[in-house]
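Let's take a walk through this model, starting with the whole chain and then zooming in on a few spots. Keep the 3D view open and follow along.

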Amino acid sequence: MSRRSWSFSSVRLRTKRTSEDETSDGFRRRDRLFSSVRENRRRPKGSEGDGADPSTDKPRGNEMHQGMFPPGEDDEDKGAMKRLSTMWTSFRGKISRDRVPKEPDSPLSSELAPVEEKPRDQRYTSGQFFFEYLVVVSLKKTKSGVYEPQITYQFPKKDGMVRFQKEEEEKTLKAITLFCFPEGINWAPLTEYCSETFSFVLTEIDGSRRNGYCRRLLPHGNGARPPEAYCIISKVACFGLFSKIFDEVEKRRQKSMAMIYPFMQSLREAPFPAPGNTVNIKSFIPESGTEIISLTRPIDSWLEHVDFRVLFRCLTDEEVLQVFAATVLERRIIFIAEELGTLSQVIHAVTVLLYPFIWQHTLISIVPEILIDVVMAPTPYLLGVQKRLADQVTDQGDLLAVDLSEGRKQTFIRDNGDEDSILPHKLKEEILQALKSRNENATLEELNRVVPEAFLPFFVKTVGHFSKYIVRNGPGQPGQFQKRNFYKALESKSTRHFVKKFVETQMFDLFIQEAEQRPTNQNGFFEQKIAEYQRKVREKTKKH
């Protein structure tokens, strides 16, 4: 396959923030983190508010509903959408050209069967259900003697599709097979295989996203056989919850494929619980009778898609800080590991460290071999690549390549040389000291407490004064951010130097755009932490 340059363009989605889970505010936006293709629309340089005429700015239009463009988007966005559509079409076309799979026995069909609406209940998240469908992806031997991933089971079955809809759906399902088996056709029957669970994201051309949760394992049987993958497609980001669902699916699969259907049917009809609440699923198993499976969503819903243990097991605290520094400045970063679960968990953990900011560029937690040319993109990205492909991705310039595999000779295969000096020294030391407060074998719950407490104060101290530099013409009016005055207000020279670079990133730009449109009395979790910090500073000043 010849290597060629990729031009990535996409449209930054701006989803209306709901009032639900107000205590976690911006953390709820983590559901929008994982995107395969994204592009940025920058504001004109003269729009910071320090002397520029506000009337010359482009319309912000910071709210997007269901991935559709609001009326009045400019031609630049339409062009970006056209380029994004072209890229995705090229990707889908490549699947069709390079892989000609045997047609599944049962036709892939249309829209999901409607789910009966249930009365609104505070225990449930309105409009959210557990999943769209479950597929089983098996490796089938072709006439040429290679093993190719194909969908052998799908629930629920679909029907009633017109030809165009069916073709589009089949292309999407073929894309799912790529992410379930990103190694391609390099497979052979096995007698032993350690099961692994990982996740990925499918981003459609309209910007809508669906999470893919995958568990690969060796199916029940005797003798050598290829592994298979269970994949659940859902709009919900909750890795821990779906791992438990996979445990139940796997238990039923060992008895019979038919046992999966009633459990998944009950699950699909159940509403997704609100943070801290539980939904009970009834399921009958022969020889065991009716079982009640309780699925509880964590109270800290913003951390339910991440496991910090993997990140801190693979990297030292100092190495995590270097990765964090490169991510904050939106650089090109590739993570390399042998295990798919390691790649997806580490990348998701790194993006959570950015709170209250959101990674705005390309993010593919596991890059299928057929799409390895994505590493040539000149724009920022976070990519997960399997170890065997490392030689194909580390020959790029201006890149941070992080080896996560055990027994590695060095962690940073490629770097820019300045990662250790990006963050202000004093603040970096404060993060390291906070991280040392955890136990050596810290539990997931402990890490979920310690890690945010270590990283969040960094943003509180560097950009926590942002609201003072959003000027409004009157109550209820949109604000105008005074960027130059904002970073010049910092007394520390090293902090000012960092912030001057950080304000040019897309994640900060989107954050400020939302803050400009948000009512002044609407404060979320980050604003609460800022207020706490400022109160402590005032109290300390009074004592002296």
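Start with the broad numbers: of the chain's 544 residues, 55% count as buried. Keep in mind that what you're looking at is a predicted model. The fold mixes both kinds of secondary structure, with 14 helices and 16 strands in the chain. If you count contacts with a separation of 6 or more, 70% of them come from residues 24 or more positions apart. As for the outside, the accessible surface of the chain is about 25300 Å², and carbon and sulfur atoms own 49% of that.

Now find the sheet. Five strands make an open sheet in the order 3-2-6-5-4, and the pairing is antiparallel. Strand 3 (147-155) and strand 4 (196-203) sit at the edges with a single partner strand each, so one side of each has no neighbour in the sheet. Ignoring direction, neighbouring strands here are turned by 25 degrees against each other on average. Take a look at how the edge at strand 3 is held: strand 2 (residues 133-141) runs antiparallel to strand 3, and eight bridges join the two. One pairing to click on is K141, whose bridge partner in strand 3 is Y147.

Next, the charges. Side chains of opposite charge can pair when their charged atoms come close. This structure holds 24 salt bridges, and a few of them are worth a visit. The sheet gives us a handy starting point, since E228 forms a salt bridge with R253, with 3.4 Å between the closest N and O atoms. E228 belongs to strand 6 (residues 228-234) and R253 to helix 3 (residues 239-253), so this pair ties together parts that are 25 residues apart in sequence. Is E228 buried or exposed? E228 is buried, with a relative accessible area of 5%.

Stay on helix 3 for another pair. E248 and R252 meet through their side chains in a salt bridge, at 2.8 Å from N to O. Both residues lie in helix 3, four residues apart, which is about one turn of the helix. E248 counts as buried at 11% relative accessibility, and R252 is buried too, with a relative accessible area of 0%. The pair isn't on its own, either: E248, K251, R252 and E291 are linked in a network of salt bridges.

A further salt bridge spans a longer stretch of the chain. The side chains of R408 and E319 meet at 3.9 Å, N to O. R408 is in the loop between strand 13 (400-403) and strand 14 (412-414), while E319 is in helix 6, so the pair ties together parts that are 89 residues apart in sequence. The two ends have their own surroundings: R408 counts as partly exposed at 23% relative accessibility, whereas E319 is buried with a relative accessible area of 15%.

Follow helix 6 along to Q322, which is found in that helix. At 19% relative accessibility, Q322 counts as buried, the cut-off for that being under 20%. Which residues does Q322 contact, leaving aside its neighbours within four places in sequence? They are L400, F412, E419 and D420. Q322 and I422 are 100 residues apart in sequence, but their C-alpha atoms are 8.2 Å apart in space.

Hop across to E419, in the loop between strand 14 and helix 9. E419 is buried, with a relative accessible area of 3%. Not counting residues up to four places away in sequence, E419 touches Q322, A325, A326, R331 and L400. Take A326 from that list: E419 and A326 are 93 residues apart in sequence, and 6.2 Å apart in space from C-alpha to C-alpha.

That loop leads us to helix 9 (residues 425-435), our last stop. Its buried residues are L427, K428, I431, L432 and L435. They cover an arc of only 145 degrees around the axis, which puts them on the same side of helix 9. Turn to the other side of helix 9 and you'll find H425 and K426 exposed. So what covers the buried residues of helix 9? The cover includes helix 5 (308-314), helix 6 (317-328), helix 10 (444-463) and helix 12 (493-502).

Terms used: Residues numbered from 1 in each chain as written. Predicted model: local features only at pLDDT ≥ 70, side-chain atom pairs only at ≥ 80, totals over all residues. Heavy atoms only, no water. Buried < 20%, exposed > 50% of the residue type's maximum accessible area, 1.4 Å probe, protein only. Arc of directions from axis to C-beta. Contact = heavy atoms within 4.5 Å. Areas by Shrake-Rupley, 256 points an atom, 1.4 Å probe, with all protein chains shown as cover. Pairing = 2+ DSSP bridges. Axes fitted to C-alpha atoms, helices over the stretch in contact; angles between N-to-C directions. Salt bridge = Lys/Arg side-chain N within 4 Å of Asp/Glu carboxyl O.
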